[in-house]
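Biologist: I am new to reading structures. Can we go through one together, feature by feature?

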Amino acid sequence: MELDLEYYRTWIGREESASELVTPELVQRFNATLDIASGDPQPGDAVAPLIHLCLAPSASPTAELGPDGSAARGEYFPPVPLPRRMWAGGELVFERDICVGDQVKRTSRIEDVVLKEGRTGTLCFLTVNHTMSVTGDIVVREKQVLVYRGMEDASRLAAEPSAAEPGKHQRRIAVSTPLLFRYSALTFNGHRIHYDRPYTTGEEGYPGLIVHGPLQATLLVQFAAKLRDGRTPRRFDYKSHTPLFDDRDFSLHATDDGDRLKLWTACEGGPVAMAAEASW
């Protein structure tokens, strides 16, 4: 497959923006999805970190979605023909809490498009920078890296021999289809690999539904905050290594590293799925 990198790089600098009010109802749905006890959210209450991933998402018409259920490429995203899209990693800087009643504006900008050759073939990495702001003040800065890859990689993506070490701190997460579906709905994410089992196993060749990268990051950030007396990290960096599927529960792991935390997700006996570092 011929990939025209110079053409795709003409998308660098493209921006889009949207805004949304943080309502008590949204906070209740977010907390219910993640089993966070929330009571009755009131205006001015700080909300759990990474709820911003549910705010002001891109809203492509259903008729314009691609075969995999995600936004069609060629408008805001470059028309990379590699069929698989995965969340590769990112960086987050939290400037202050988002609160119930905030009108949050998302501004997104494509920063880079690069091609690399990996062990499974050609990979295209797309870097997008986001800022979330309230009344002109930035509350969250985020860099997201997406990777596009070919369809021949599923068996190799799922194969990884080395098992993850257990962390000093651990929390088990029960994976369920309702959890993945609810999170997809909250983030307005139509990507079928998270809720459409016949498509995921039959068309993309995975052994089960895939646990969202952003969901794993959200759980890790909140785990880190819990281990630091409820304080949200100032900075959180993460990288996806292997997929997690809904056929097995997984655990959040954390180990102290000075004033930082090293964190990761893994199934029992499985490899590191997402590795992260939180600092205050």
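Biologist: How much surface does the protein chain expose, and what share do carbon and sulfur atoms supply?

Modeller: Keep in mind that this is a predicted model. The protein chain exposes about 13100 Å². Carbon and sulfur atoms supply 50% of that area.

Biologist: What percentage of the residues count as buried?

Modeller: A residue is buried when its relative accessible area is under 20%. Here 48% of the 280 residues pass that test.

Biologist: Which helices and strands should I look for, and how many are there?

Modeller: Count six helices and 10 strands in the protein chain. Then check the overall packing. The radius of gyration is 18 Å, and the globule rule gives 19 Å for 280 residues, so the chain is as compact as a globular protein of that length. The C-alpha atoms fill a box of roughly 50 × 45 × 35 Å along the principal axes.

Biologist: What share of the contacts joins residues 24 or more positions apart?

Modeller: Take the contacts with a separation of 6 or more. Residues 24 or more positions apart account for 72% of them.

Biologist: How far apart are the mean positions of the positive and negative charges?

Modeller: Average the places of each kind, then compare. The chain has 31 positive and 39 negative charges, and their mean positions are 3 Å apart.

Biologist: Now one residue. Where is Glu204 found?

Modeller: Look in the loop between helix H5 (197-203) and helix H6 (213-227).

Biologist: Is Glu204 buried or exposed?

Modeller: Glu204 has a relative accessible area of 3%, so it is buried. Its side chain makes a polar contact of 2.7 Å with the side chain of Tyr199.

Note on methods: Residues numbered from 1 in each chain as written. Predicted model: local features only at pLDDT ≥ 70, side-chain atom pairs only at ≥ 80, totals over all residues. Heavy atoms only, no water. Helix = DSSP H or I, 4+ residues; strand = E, 2+ residues; numbered from the N terminus. Rg over C-alpha atoms; globule rule 2.2 N^0.38 Å. Buried < 20%, exposed > 50% of the residue type's maximum accessible area, 1.4 Å probe, protein only. Contact = heavy atoms within 4.5 Å. Areas by Shrake-Rupley, 256 points an atom, 1.4 Å probe, with all protein chains shown as cover. Lys, Arg positive; Asp, Glu negative; His and termini not counted. Charge placed at Lys NZ, Arg CZ, Asp CG, Glu CD. Polar contact = N/O pair within 3.5 Å; in protein donor to acceptor, adjacent residues only side chain to side chain.
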